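Biologist: I have a model open and would love a close look at one part of it. Please pick a helix, tell me what it packs against, and then follow the contacts outward from there.

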Amino acid sequence: MATTLRFRADELTKKARAVGDATHLAIAQRAGVRESTISRLVAGRTLPTVATLFALADAYGIAIEDLVTGRIPRPEAGVPAPRDCSDRIPA
């Protein structure tokens, strides 16, 4: 199953500029994340972690759904869920 999620950097930068945060550093400081993380997100080189999504959403009053578009496909009907095999792993 392929992930079709995409980070909405345009939405983040629009909200950031609205409050005067025009640089990656300013966004990073407001959200409490690393500047390099913001640079990679805005350039489209990576997807944010859940923690980063929450930090950005909280910092700018944005719904997480507004920062991410797309979806993760669900398993097809009839495909069994993965089994817990932890009891088979030797200690």
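Modeller: Happy to. Let's start where helix 2 packs on helix 3 (residues 35-43): their axes are 8 Å apart and the angle between them is about 120 degrees. Because of that angle, helix 2 counts as oblique to helix 3. The crossing of the two helices is right-handed. On the helix 2 side, the contact is made by His24, Leu25, Ile27 and Ala28, and on the helix 3 side by Glu35, Ile38, Ser39 and Val42. Sorted by class, the residues of this contact are 5 nonpolar, 2 polar and 1 charged.

One caution before going on: this is a predicted model, and the average pLDDT of the protein is 85, with 74% of the residues scoring at least 70. Where pLDDT is low, the predicted coordinates should not be read in detail. Helix 2 is a good choice in that respect, as it has the highest mean pLDDT among the elements of the protein, 98, while strand 2 (residues 68-69) has the lowest, 88.

To place helix 2 in the whole chain, the protein has 5 helices and 2 strands, and along the sequence they follow the pattern β-α-α-α-α-α-β. Of the contacts with a separation of 6 or more, 62% are between residues 24 or more positions apart. Buried residues make up 27% of the 91 residues.

Now for the second partner. Helix 2 (residues 24-31) also meets helix 4 (residues 50-60): their axes come within 8 Å and cross at roughly 95 degrees. That angle is why helix 2 is described as roughly perpendicular to helix 4. Here Ala26, Ile27, Arg30 and Ala31 of helix 2 meet Ala55, Leu56, Ala59 and Tyr60 of helix 4. By class, this contact has 7 nonpolar residues, 1 charged residue and no polar ones. Ile27 appears in the contact with helix 3 and again in the contact with helix 4.

Which residues of helix 2 are buried? They are Ala26, Ile27, Ala28 and Ala31. The cover over these buried residues includes helix 1, helix 3 and helix 4. Just after helix 2 comes Gly32, with a positive phi near 75 degrees.

Helix 1 (residues 9-18) enters the picture through Ala16, which lies in that helix. With a relative accessibility of 0%, Ala16 counts as buried, because the cut-off for buried is under 20%. Leaving aside residues up to four places away in sequence, Ala16 touches Asp21, Ile27 and Tyr60. Ile27 is one of the buried residues of helix 2, and Tyr60 is one of those of helix 4. Ala16 and Ala59 are 43 residues apart along the chain, and their C-alpha atoms are separated by 9.2 Å. Glu11 is in helix 1 as well, and Glu11 is buried, with a relative accessible area of 12%. Between the C-alpha atoms of Glu11 and Ile62 there are 8.9 Å, although the two are 51 residues apart along the chain.

That brings us to helix 4 from its own side. Its buried residues are Thr52, Leu53, Ala55, Leu56, Ala57 and Tyr60. They pack against strand 1 (6-7), helix 1, helix 2, helix 3, helix 5 (64-67) and strand 2. Take Thr52, a residue of helix 4: at 10% relative accessibility, Thr52 counts as buried. Not counting residues up to four places away in sequence, Thr52 touches Val33, Thr37 and Leu41. Phe54 also lies in helix 4, but Phe54 is partly exposed, with a relative accessible area of 45%. From Phe54 to Leu67 the C-alpha distance is 9.9 Å, with their positions 13 residues apart in sequence. Helix 4 is followed by Gly61, whose phi is positive too, near 65 degrees.

To pull the view back to where we began: helix 2 is oblique to helix 3 and roughly perpendicular to helix 4, and helix 1 is among the elements that cover its buried residues. If you want a single residue to centre your display on, Ile27 takes part in the contact with helix 3, takes part in the contact with helix 4, and is touched by Ala16.

Terms used. Residues numbered from 1 in each chain as written. Predicted model: local features only at pLDDT ≥ 70, side-chain atom pairs only at ≥ 80, totals over all residues. Heavy atoms only, no water. Axes fitted to C-alpha atoms, helices over the stretch in contact; angles between N-to-C directions. Helix = DSSP H or I, 4+ residues; strand = E, 2+ residues; numbered from the N terminus. Parallel < 35°, antiparallel > 145°, perpendicular 65-115°, else oblique. Contact = heavy atoms within 4.5 Å. Nonpolar A, V, L, I, M, F, W, Y, C, P; charged D, E, K, R; others polar. Buried < 20%, exposed > 50% of the residue type's maximum accessible area, 1.4 Å probe, protein only. Left-handed = near helix turned anticlockwise from the far one by under 90°. pLDDT = per-residue confidence, 0-100.
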